[in-house]
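Subject: Structure handover

Hi,

Here is the structure I promised to pass on. Please open it first, then read the notes underneath.

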Amino acid sequence: MILRMTNKLKVAVVFCQVALISSCEPENPAELILFNANVLTVDEQNSTAAAVAIAGGRITAIGSSKLILRHAGRETTKIDLDGKTLIPGIVDAHTHIRGIAGNIGKLNITDATSVVEVLATIKRYADTLPAGAWIETATGWQPTNFTENRVPTRDELDKAAPEHPVFLKKGYQNGVVNSKALELAGITAENAGLNFLRDSGNNLSGEIYGSLDEISAAQPQLGAEQIERSYEAAMQLVNSFGVTSLRDAALAPAQVELLRSLAEANRLTVRINAVGLIYPRTPLQVDKRMWEDVPVSRGDWFTHDTLKIVADGGISDALLRDDYAWTDSGEAGFRGRFVTQMDKIKAVAAWACETDRKLAVHAIGDAMIDRLLDHYEAIRNECNVGQLGWTIEHVALVTSDQVDRIKNLKISVTTQSGLNYSLASAWRKYWGEERMARSIPNRLLIDGGVMPGGGTDANTGPVNTFVAIWSDVTRQTRDGIVGAEQAVTPLESLRMHTIWAAQVLGTHHDVGSIEVGKFADLAVLDRDILSIPFNSIKDTQVVMTIINGDIVFERD
Ligand SMILES: [Zn+2]
């Protein structure tokens, strides 16, 4: 058992008094006892307790401190939590550990509020690096959060860092680069593909959309061990936010295998459900070849049993029932687009059903959700989509009629309020006020009997689950409060990010609540998120994270 102890928490191994020897050694002593805590079990009755006993990686008893301390033997480690709050470990139903790993060590500009600030940050950073060294940002920043409401230009980046290749990476497929980066990638106005955007003078603007391959290939390549270490750092980062299980919602086969090999080498510090991404434009035969070689497996630490399709777009091109409020192209009557065409979605659904895989479909727009539900209803006699555990990811603009249909199909949904937090200003621009306000309607879902699995969608949303919980409860975003009527209670939000998320992963019999027999996956918080003022939830600090009875994170 890994146990890193500090003096911050009172740790004591208690030895029996000679006089009491007959009564003090219980039959099956606990290995670890956490006592004097505010235990929020998140069980069916939302019971509370004060202490938990753990042995063999599982919870063996829950109750009052006095009662549970009777499970202590000579070797038992006892931790006095001094009134701190103990919750089930966070289960992140939709995140991207790959993206979090990729952002480790990168320049973070997600909190910048203007282009001017971004440029000053880059200039300062460039001054600390040797000429020629790459300056790459972490993903997750949004130009709509800048007062100028645009990305920095290539010229501006050239002025901020003339001697360094600069790569403002925005997502997996888009970003902005300066001249030095274009030069190193061998991209010129003559040979540039359509992914390199142009200004009105037909010069390369530095903005890239569709593929970052040329730029990524020009950067120093990481070795296998460096990549593995970045995943370990990413796991430690999410552990520091109390996460004990996560579902990475979009991986290539090589990344699934990398995570599987880390699991086999006992190098995971979080339980991982690795979802495989189906590529929109590849023929189904190619997808089948790609994924048939990746075995479906379901284990305590590593599971791969789900394929994911990105059905519609996002902020500027999700499939909507009504016209966009704003389009970049100025196209009249624009209502978004399919990223994956419906016939391919149908073919993948048939294959997933045949091979007993779960299917996760990214669907943001109300019109996309309509199309998907139409299909699921059409195939429900041949394919029990509910029993198979299929999900719709994001459901940002789901409507009440759709909530009924989702409930009847018994499929699950995942929501990520962190997307509202990060993207509200962009929703407003492209979707308009009314649709922005009803984006990610957790209240509507829960009242309609569909319990959403909560997630972060890091790094598009913040990696800290407590920001997502705060946003679930307050509907706070970087752009103020949006759609306050869709707020949920702190307890509902806690359930979303623990037991309901575990239901999405299919692991709710083992994790997601503090109950006897479940894995000892736990997080100790510095405050009781159910009773503090809502605005203080975002500042919650995780004091300790325990997985399988082992401490994997402890705050100094
Ligand atoms: Zn995602």
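A residue counts as buried if 20 or more other C-beta atoms lie within 10 Å of its own, as exposed if 12 or fewer do, and as partly exposed in between. Keep that in mind for Trp134: this residue has 17 other C-beta atoms within 10 Å, so Trp134 is partly exposed. One caution before the rest: this is a predicted model.

Trp134 and its surroundings

Trp134 sits in the loop between helix H4 (115–126) and strand S10. Leaving aside residues up to four places away in sequence, Trp134 touches Pro165, Phe167 and Gln219. Ala367 is another matter. Trp134 and Ala367 are 233 residues apart in sequence, and their C-alpha atoms are 42 Å apart in space.

Glu434, by the same count

Is Glu434 buried or exposed? Glu434 has 10 other C-beta atoms within 10 Å, so it is exposed. This residue belongs to helix H15 (residues 433–437). From Glu434 to Asn149 the C-alpha distance is 21 Å, with their positions 285 residues apart in sequence.

The whole protein

Now the overall numbers. The protein has 19 helices and 28 strands. Its radius of gyration is 25 Å, close to the 24 Å that the globule rule gives for 556 residues, so the protein is as compact as a globular protein of that length. Along the principal axes, the C-alpha atoms fill a box of roughly 90 × 60 × 45 Å. Of the 556 residues, 49% are buried. Take the contacts with a separation of 6 or more: residues 24 or more positions apart account for 74% of them.

The sheet of 6 strands

One open sheet holds 6 strands, in the order S4-S3-S8-S26-S27-S28. Its pairing is mixed. Which strands stand at the edges? They are S4 (48–49) and S28 (550–554). Each has a single partner strand, so one side of each is left without a neighbour in the sheet.

S8 (residues 85–88) shows the mixed pairing well enough to follow by eye:

- S3 (residues 38–40) runs parallel to S8, and 2 bridges join them. Val39 stands opposite Leu86 in S8.
- S26 (residues 522–525) runs antiparallel to S8, and 4 bridges join them. Pro88 stands opposite Leu522 in S26.

The sheet of 5 strands

Another open sheet has 5 strands, ordered S10-S11-S12-S14-S13. The pairing is mixed here too. Strands S10 (135–136) and S13 (196–198) are at the edges. Each pairs with a single strand, so one side of each has no neighbour in the sheet. S13 pairs with S14 (residues 204–209) over 2 bridges, in the antiparallel sense. Arg198 stands opposite Leu204 in S14.

Strand S2

How many residues of S2 (residues 30–35) are buried? The count is 6 of 6, and the strand is mostly covered. S2 has two pairings to look at:

- With S7 (residues 72–80), S2 runs parallel, joined by 5 bridges. Phe35 has Asp80 of S7 as its bridge partner.
- With S5 (residues 51–55), S2 runs antiparallel, joined by 3 bridges. Leu32 has Ile54 of S5 as its bridge partner.

Helices H14 and H17

Last, a helix pair. The axes of H14 (residues 417–431) and H17 (residues 465–474) come within 7 Å and cross at roughly 85°. Angles of 65 to 115 degrees count as roughly perpendicular. That crossing therefore makes H14 roughly perpendicular to H17. On the H14 side, the contact is made by Ser417, Gly418, Asn420 and Tyr421. On the H17 side, the residues are Val467, Ala468, Ser471 and Asp472. By class, the contact has 3 nonpolar, 4 polar and 1 charged residues.

Where to look first

Start with Trp134 and its contacts with Pro165, Phe167 and Gln219. Then go to S8, with S3 parallel to it and S26 antiparallel to it. Finish at the contact of H14 with H17.

Best wishes

How values were computed:
Residues numbered from 1 in each chain as written. Predicted model: local features only at pLDDT ≥ 70, side-chain atom pairs only at ≥ 80, totals over all residues. Axes fitted to C-alpha atoms, helices over the stretch in contact; angles between N-to-C directions. Parallel < 35°, antiparallel > 145°, perpendicular 65-115°, else oblique. Contact = placed C-beta atoms within 7 Å. Nonpolar A, V, L, I, M, F, W, Y, C, P; charged D, E, K, R; others polar. Pairing = 2+ DSSP bridges. Rg over C-alpha atoms; globule rule 2.2 N^0.38 Å.
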